[in-house]
Structure formats: C-alpha cells, structure tokens
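Open the model in your viewer and show it as a cartoon. The tour below goes from one selection to the next.

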Amino acid sequence: STAKRVRSETRIAERPVSMARVAVELARRIFEELGDKRALLVGAGEMVEAALEALRNAGLVRIAVANRTPERAAGLAARCGGTAHGMDELPRLLAEADLVLTCIAANAPVLTPELVEAALRARRAHPVFVIDLGVPRNADPAIDGLENVYRYDVDDLGSIAEENTLARQQERVRAEAIVEAQKQRFDGWLAALRAVP
C-alpha cells in the first residue's frame, strides 16, 4: 500500500531513465497514439528488444524487424508478432514506417539522406520518427535537414534521461516522506498489538 501511495502521490514513475523508455516517451509525444502506427526495427539485439517491449506496452502493434541475420530477425519478430526481413528490404520498409528504431553494428550509417528522402517521397511526406540507438550512429545526422524527419540519437536520449533523473531525485524526497509516515503508522499499529491479547 505504501508503494501504491508513492506511485499515485508523486511523479517518480513518470520520468523514465532507461534509453528504451525515454525513446518510447519521445514517440508518444510526437504521435500521441501508437496503436495505429507502423514500426521498423533495424537490428535484433538487446537494446532493440528492450525498446520493443516498451513500445508494445505503449500500444504498438504493427512491427517489422530487419536484420543482417535472418534467424535473429525471425526470432524477435516471432516474439512480438511482427514480420522478419533482410536488410535488402530496407527501402520498402522505411517507406512504410512511421517509427524507425535502429541499433545495429555498422561502420557507416545505414539510414542515409538518399534512402530517407526516397522513403519520404513514397510516404507523400508523412512524418517519420527515427530513434538511433546505435554507437556509432546508424542514422546520418544529415537527415535532420529533411522535412518531416524527427531524429533522436543516443546523445539526445541521454540528455533527456539525465533531466528525468534530476526530476526523479526531487520526487524521491516526497516519496521518502510518504514511506517514513507509513512506517511510523505501522510501528504504532505494531506497538498497539502488544497491549492487547
């Protein structure tokens, strides 16, 4: 009951600090509702899987997974009810995606301005939200110059996570006060039990 009070009376759980949850919060700010959006995941590693779980919890249903290793793409797609694809299908998949989450080992960006621009033409300039969790970057920063592209990388997400951490620390003081008050009530109740049979 104390944990419930902390969650309902403070904003400690509202500000995510993990990269995956920060990415989802950004997606919700841009799209508000994720249930009707299409997502493309480029890569099938742990970071993509963590972000995918958070996206699915936020209501995302239509998911395509593209990876160099078809087995890994198929495994992740099977777990999330999505479809598995090879990297050669990236141009078509990108044109269909509202949200692109990428974290794949690559020496050069896999999302180039040319590739994204072609996808935007096919999308008739509908906006696309790119979350680049790759290190080094998977999305060329030059795509920021394209209209209707919203790109966030690890640096952006790290800044937001840091802001959220500071906000959580402020809420922690309120949470600790609630815990202390509940503890004192419990101690009082426990002491009163000793006075009765």
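Select Val130 and look across to strand S6: Arg151 stands opposite. This is a predicted model. Now show both strands in full. S5 and S6 run parallel and are joined by five bridges.

Turn to the other neighbour of S5. Which residue of S4 is the bridge partner of Val130? Val100 is. Strand S4 covers residues 99-102, and its parallel pairing with S5 has four bridges.

Stay on S5 and show its side chains. Are they buried or exposed? Val128, Val130 and Asp132 point one way, Phe129 and Ile131 point the other way, and all are buried. That puts five of the five residues of S5 under cover.

Next, select residues 113-122. This is helix H6, and together with S4 and S5 it makes a β-α-β unit of right-handed sense.

**The aromatic pairs**

How many aromatic pairs does the model have? The count is two. For one of them, select Phe129 and Tyr152. Their rings meet edge-to-face, with centres 5.5 Å apart and 75 degrees between the planes. An angle over 60 degrees counts as edge-to-face. Phe129 sits in strand S5 (residues 128-132) and Tyr152 in strand S6 (residues 149-153), so this pair ties together parts 23 residues apart in sequence. Colour the two residues by accessibility. Phe129 is buried, at 0% relative accessibility. Tyr152 is partly exposed, at 22%.

Now select Phe186 and Trp189. This aromatic pair is tilted, at 5.6 Å centre to centre and 35 degrees between the planes. Both residues belong to helix H7 (residues 154-194), where they are three residues apart, about one helical turn. Phe186 is partly exposed, with a relative accessible area of 45%. Trp189 is also partly exposed, at 48% relative accessibility.

Keep H7 on screen and pick Gly188, which lies in this helix. Gly188 counts as partly exposed, at 39% relative accessibility. Add Pro70 and draw a line between the two C-alpha atoms. The line spans 61 Å, and the two residues are 118 positions apart in sequence.

**The whole sheet**

Hide the helices and show the strands alone. Six strands form an open sheet with parallel pairing. In what order do they lie? Read across: S3-S2-S1-S4-S5-S6. Strands of a sheet pair through backbone hydrogen bonds. Now go to the two edges. Strand S3 (83-85) and S6 are the edge strands, and each pairs on one side only. Look along the sheet to see the twist, which averages 15 degrees from one strand to the next.

Move to S1, residues 38-42. How many of its five residues are buried? Four are, and S1 is mostly covered. Look at both of its neighbours in turn.

- Strand S2 (residues 62-66) runs parallel to S1, joined by five bridges. Pick Ala39 and its bridge partner Ile63 in S2. Then pick Val42, whose bridge partner in S2 is Ala66.
- S4 pairs with S1 in the parallel sense too, over four bridges. Pick Leu40 and find Val100 as its bridge partner in S4. Val100 is a residue you have already met, as the partner of Val130 in S5.

**The helices**

Bring the helices back and trace the chain out of S1. The path runs through H3 to S2, and the crossover is a right-handed β-α-β one.

For the last stop, select H3 (residues 46-57) and H4 (residues 70-80). Are these two helices roughly parallel or roughly antiparallel to each other? They pack at an angle of about 20 degrees. Angles under 35 degrees count as roughly parallel, and H3 and H4 are therefore roughly parallel to each other. Their axes lie 11 Å apart. Rotate the view until one helix lies over the other: the crossing of H3 and H4 is right-handed.

How values were computed
Residues numbered from 1 in each chain as written. Predicted model: local features only at pLDDT ≥ 70, side-chain atom pairs only at ≥ 80, totals over all residues. Heavy atoms only, no water. Phe/Tyr/Trp six-rings, centres within 6.5 Å; stacked < 30°, edge-to-face > 60°. Buried < 20%, exposed > 50% of the residue type's maximum accessible area, 1.4 Å probe, protein only. Pairing = 2+ DSSP bridges. Right-handed = clockwise from strand over helix to strand, strands pointing away. Axes fitted to C-alpha atoms, helices over the stretch in contact; angles between N-to-C directions. Parallel < 35°, antiparallel > 145°, perpendicular 65-115°, else oblique. Left-handed = near helix turned anticlockwise from the far one by under 90°.
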